[in-house]
Amino acid sequence: MALVLRTLFQSELLSIRHGVARPAPEDTKELECETADLILLPIAGVLAKHDGPKQHVIANANHAIFLGTGQPYRITFPGDIGDEALVLDFSKEALIQILSEVAGVEQLYVPALRPHCLLPPASVLNRELLWRHLQAPVVDKLAVQEISVSMLTASVQAACVDIRQQERARQRLTQVRRRQQVESVKELLSLYPHQEWALDELARHVHTTPFHLSRVFREEVGLPVHRYLIRTRLAQALRAMQVACTDLTQIAHASGFANHSHFTSSFRSVFGMTPTQSRQRSSML
């Protein structure tokens, strides 16, 4: 197998690699073994993961595959097509926290979880969104982390053998604590919208896990954390735009946007017009 791996994202919470694998004539079919629990998200092609004699699963861009620490496996390529995939490598601490809250386990390779799953349609779209974020000229760390946590959560839930484990895990924290954590994060983002936040950093501020914060914030607010931060930055920018002589690029940077293009696309997606059009509209009143 000819394999090319490159790192696309690196943070304290997780790293993400992009891999392109192609079958090679000299493939020996030797077993492989990972030194960490990994989540493999195919984005193109077809692969077969063999866990033992006559034990294999086929995976394409609709699936997630778990690679467990110390668990031998073998990869082959039906039709000699090869595959392209994202490899999510969460920190050990973060992975244990997320797995315990989602499924009541501490490892990916346990009897309670299947070693593979069919992703829900929304997660397939999320994987494509994650890929686009990773290809952006300026990577939005918070968005990448939040989507990655969502992908891991959905994959584990889909692979869960006992649904009751999920229900017990969801009931661990009270509604009051959830709201306190969410309001504390909203306060941080409102006070410091220009800061480059990371999901694990925000989670530490409110003494919870990135997974828990990402989930309860969306449930309580109706938006993911990174979208709420963008809305907060836009509100600040709108206020600054009332001063007609202030340059839009200057406003974008002061509000926390990486560049004018990012500011304009975010503004249009929320308000349905560009900042320039908004300023022109205001000048006619």
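**From a buried glutamine to a small group of strands**

Gln181 is buried, with a relative accessible area of 4%, so it falls under the 20% cut-off used for that word. Keep in mind as you look around that this is a predicted model. Gln181 has its place in helix 5. Leaving aside residues up to four places away in sequence, what does Gln181 touch? The list is Val206, His207, Thr208 and His212.

That last contact takes us to helix 7, since His212 is one of the buried residues there. Helix 7 runs over residues 210-221, 12 residues in all, and spans 16 Å from its first C-alpha to its last, close to the 16 Å you'd expect at 1.5 Å a residue. Its buried residues are Pro210, Phe211, His212, Leu213, Ser214, Arg215, Val216 and Phe217. Plenty of helices help cover them: helix 1 (92-103), helix 3 (141-159), helix 5 (175-191), helix 6 (199-205) and helix 8 (225-240) are included in what lies over those residues. Once helix 7 is done, Gly222 comes just after it and takes a positive phi of about 95°.

Now for the strands. An open sheet is built from 3 strands in the order 5-4-7, with antiparallel pairing. Strand 5 (55-59) and strand 7 (74-76) sit at the edges with a single partner strand each, so one side of each has no neighbour in the sheet. On average, neighbouring strands here are turned by 25° against each other, direction ignored. As for strand 4 (residues 47-52), it pairs with strand 5 in the antiparallel sense over 5 bridges. Within that pairing, look for Leu47, which stands opposite Ala59 in strand 5.

How values were computed. Residues are numbered from 1 along each chain as its sequence is written. This is a predicted model: local features need pLDDT of at least 70, side-chain atom pairs count only at pLDDT 80 or more; totals for chains, interfaces and linings use all residues. Side-chain values use heavy atoms; hydrogens and water are left out. Helices (H or I, at least four residues) and strands (E, at least two) are DSSP runs, numbered from the N terminus. The expected span of a helix is 1.5 Å times one less than its number of residues. Buried means under 20% relative accessible area, exposed over 50%, partly exposed in between (1.4 Å probe, protein chains only). Contact means heavy atoms within 4.5 Å. Two strands pair if DSSP finds at least two bridges between them. Axes are lines fitted to C-alpha atoms, for helices over the stretch in contact, and angles run from 0 to 180 degrees between N-to-C directions.
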